[in-house]
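Reader: I should like to learn how to read a model of a complex step by step. May I put some questions to you while we look at it together?

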Amino acid sequence: MKKFTSCALAVILSAAMLTGCGAPAANTGSSPASADKSGTGVTTITLWSHIDVNWNPAQDKMIADFEAANPDIKVVRESFPYDEFESKTQTSLLSKEGGADVYQLWGGWAIDYSKTGAFAPVPDAYMAKVKEDSYEPVLGSFGYNGKYYGVPLEYNIEYGGLLVNTPKFKELGIQYPTTWDEMINIAKKNSSSNGAVYNLRGLDFVGWDTLPYTWLSMILSSGGSYMDGDKFNFNNPTGVATMQKLVDYVTVDKMTNLDGLTNASETEPYQKLFTSAEELMVPRGPWVVPEGINVDGLKYGQDFEYVSMPFYGPKKLFAAETGWGLAVNASSKKQEAAWKFVEFWTDPNRVLQYDIACGMVPASKTAANNPELIKAMPYMAPLVKVLDGGRFIGYFNTDKLKENVKATFIDIVNNKTPVAEALGKLDSTMNAAK
Amino acid sequence: MKNNRFVYFVLLPIFILLAVFFVLPIVGGFAISFFDYNPLRAINHFIGFENFGKLISDKIFLKSTVNTLVFVGITVTLNIFITLVLAQLISMLPWAKFRAFFRVVFFMPCVAPLIASSVVWGGLYATKYGLINNMLKNLFGIAPVNWLGTASHVMPAIIIFTLWADIGYNIILFSAGMDGIPPDFYEAAEIDGAGMIKKFFYITLPLLGRTVSFVVAMTIISHFQMFAQFQVLAKLGGPENSGNVLTYYIYKTAFQTKDMGYASAIAVVLFILIMIVTVIQQRLNRVEWGY
């Protein structure tokens, strides 16, 4: 009896394991490799995006509008936590049987994926229309070898706007800055700290995105550059001078410290501005504004505002990487329906509504210059004026750049490494990584 | 003969499971380390030992190796010491219900997911409003410490958290071992006039030898592989990579830099490191004692 039971258990376990290891079950809802089997003439495609309290409802509305206009196509949205989204996208693209038909794709990731053939090239006729109506930086990362593998939804701008603590400005009796020197003087005069504890950070530019973008804009607006052909060249007089300024803002003027880069127990500077009285001014992209209103329940104009960030030099130039867009899985058997959905979404009038709901700057010039944008988001006004000053940051993995700029800045601040020496190392590291 | 065939047949499913989910991935990872590997590419080039060669000049790899060895060395040593002492103290409690109560209390942090505990402790370590700084200020008048933002404080902070999260499991194992020691030895020792400390060193520890050996090996292996608390508490590797350990570096290299070949090479090094340390530890702790 014992032997029989053991044998039976062994057989059941083997069967269960082999079933699990076998071919995936047909799933018409989310597998791009399976054709519609419902027999009703409705094609179902899947959209993958990351979880976002503002973006997901806007995506659902877009889906509903698309389905109303195209009753023969159904779209299923699946969203994942942001921290897992990239690795899930990568893993799903490996399996030609699983994954989505349409992906929400970050421009920086497109640089790695475009070379591998994981995404389908955008049809030429559609791409020609997109290119004609798009700002320069929004397309950069989606292009590879003469083709494009994604369509932009937004103009990712991390320079140009400044989050300000309205009640604090009122309390201090000062106006919002309109020039770089005014901004620095306000920050210097009002920052206060006691050892490791900051009572007020005047200008908190130390962050994963804000530090490199602030620095690159300082270089470009001074008439300098950080690339020499396709090689990095930060160690030049403009690069050194501007980096020294930023270091002095931390070490000499004590406007902030390195917590934004190093301290895991601290929230991001813009989140601290929303939830505490510790921040006076924080440079950040406009997408934070809906977060302050919808997530933290703040009142725009009363609890905070978003104003123009002055430029360091005479030229109104800044670097921008390609932001969020849409891409179609090259393994999808429903590419026609997928492209139809993408084209529907990126129509300038429709994408404007999406961008308004998500607090994004439109990638489309038509949408960005539509008065409805400023009517719905008055805080976009300072940004819309400078969009033409955006320059594509470069065709490289921006995470590597941000990682190395972060390490360089910490090295200079903590170890007092001379700026030129540190930037020389930065150039070597970045050029070796290319 | 018939019995052997039956045994093999019954064990076959678990062997297949181990082969598919443990052995093959290890072999696969080892193989990938010889390629410039991107899983989305149709063709990945064989580059021989180039990935391993890169390791020698990679300062971040060297730093994360040192961090890993420091973390494992200090945390395991403190873990074993603390858990032995606590297990002994608990076993000395007169009532069984008291002993059970304390074992449960110490074990509870082990039940919570490590990542969730890490997030909570991130709040405790906050510079301005963190509970730890508030307690230090109110009880001892110590100025707030930037626990997770200062290079020299990050590793001690993570070690303290790891000890809190992990000692419960070893306390249970040591308690079980101590409960298995026949009381006759202690009675005989008492007759000879041995005190508490002598009893612990001359009876408890030697007779707990096999348990200690097992616990130390398991603790070392698990601590080499710890990742969650480093990802949460050491933001982007921590200030000056002070919280960057091999597991975090592997994750970053594979999924952020997308250099899976190089990440696999680092993983191979970690595998070899764990094996060397475990073999040395097993040799040193060879136990002949029985009772």
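Reader: What average pLDDT does chain A have?

Author: This is a predicted model, and pLDDT is the predictor's confidence in each residue, from 0 to 100. In chain A, 91% of the residues score at least 70. The average pLDDT of chain A is 89.

Reader: Over which residues of chain A does pLDDT stay under 50?

Author: Where pLDDT is low, the predicted coordinates should not be read in detail. The model does have 34 contacts beyond four places in sequence for the stretch in question. That stretch, with pLDDT under 50, is residues 22–38 of chain A.

Reader: In chain B, which helix has the highest confidence?

Author: Chain B averages a pLDDT of 91, and 97% of its residues score at least 70. Confidence in chain B is lowest in helix α8 (residues 183–191), at a mean of 88. The highest value, 95, belongs to helix α3 (residues 59–91) of chain B.

Reader: What ipTM does the predictor give the complex?

Author: Two scores are given for the complex. The pTM is 0.83. The ipTM is 0.77.

Reader: How far apart are the centres of domain 1 and domain 2 of chain A?

Author: The domain assignment divides chain A into domain 1 (43–156 + 321–388) and domain 2 (161–319 + 396–433). Each domain is thus written as two segments of the chain. Taken over C-alpha atoms, the distance between their centres is 28 Å.

Reader: Which elements give two or more residues to the side of domain 1 of chain A that touches domain 2 of chain A?

Author: In this contact, 13 residues of domain 1 of chain A meet 14 residues of domain 2 of chain A. On the side of domain 1 that touches domain 2, nine residues are nonpolar, three polar and one charged. The elements that give two or more residues to that side are α4 (107–114) and α17 (381–384) of chain A.

Reader: Which helix gives the most residues to the largest nonpolar core?

Author: The largest nonpolar core has 113 residues, and V102(A), F341(A) and V342(A) have the most contacts inside it. It draws at least three residues from each of domain 1 and domain 2 of chain A. With seven residues, the element that gives the most to this core is helix α8 (residues 210–221) of chain A.

Reader: Which residues does F341(A) touch, not counting residues up to four places away in sequence?

Author: F341(A) is among the residues with the most contacts inside the largest nonpolar core. Another of these is V102(A), and F341(A) touches V102(A) itself. The full set touched by F341(A) is I45(A), F66(A), I73(A), V75(A) and V102(A).

Reader: Why is one side of β2 and of β6 of chain A left without a neighbour in the sheet?

Author: The open sheet has five strands in the order β2-β1-β3-β15-β6 (chain A), with mixed pairing. Strand β1 (residues 43–50) of chain A pairs with β2(A) in the parallel sense over eight bridges, and T44(A) stands opposite K74(A) in β2(A). One side of each of β2 (73–80) and β6 (151–152) of chain A has no neighbour in the sheet because these strands stand at the edges, each with a single partner strand.

Reader: In β12(A), which residue is the bridge partner of V164(A)?

Author: β7(A) runs antiparallel to β13(A), with four bridges between them, and V164(A) stands opposite E305(A) in β13(A). β7(A) also pairs with strand β12 (residues 281–283) of chain A, in the antiparallel sense over three bridges. In β12(A), the partner of V164(A) is M281(A).

Reader: Which residues of helix α12 (residues 288–295) of chain A are buried?

Author: A residue counts as buried if 20 or more other C-beta atoms lie within 10 Å of its own. The cover over the buried residues of α12(A) includes β7 (161–164), α11 (269–275) and β13 (305–308) of chain A. The buried residues of this helix are V288(A), V289(A), P290(A) and G292(A).

Reader: Which element gives the most to the side of chain B that touches chain A?

Author: Here 38 residues of chain B are in contact with 31 residues of chain A. The elements of chain B that give two or more residues to its side are α1 (2–32), α5 (114–124) and α11 (228–233). The residues of that side divide into 23 nonpolar, ten polar and five charged. The element that gives the most, with seven residues, is α1(B).

Note on methods
Residues are numbered from 1 along each chain as its sequence is written. Chains are lettered from A and ligands numbered from 1 in the order in which they are written. This is a predicted model: local features need pLDDT of at least 70, side-chain atom pairs count only at pLDDT 80 or more; totals for chains, interfaces and linings use all residues. Domain bounds come from an automatic or database domain assignment. Two residues are in contact if their C-beta atoms, placed from the backbone, lie within 7 Å. Ala, Val, Leu, Ile, Met, Phe, Trp, Tyr, Cys and Pro count as nonpolar, Asp, Glu, Lys and Arg as charged, and the others, Gly among them, as polar. A nonpolar core is a set of buried Ala, Val, Leu, Ile, Met, Phe, Trp, Tyr and Cys residues joined through C-beta atoms within 7 Å. A residue is buried if 20 or more other C-beta atoms lie within 10 Å of its own, exposed if 12 or fewer, and partly exposed in between; C-beta atoms are placed from the backbone. Two strands pair if DSSP finds at least two bridges between them.
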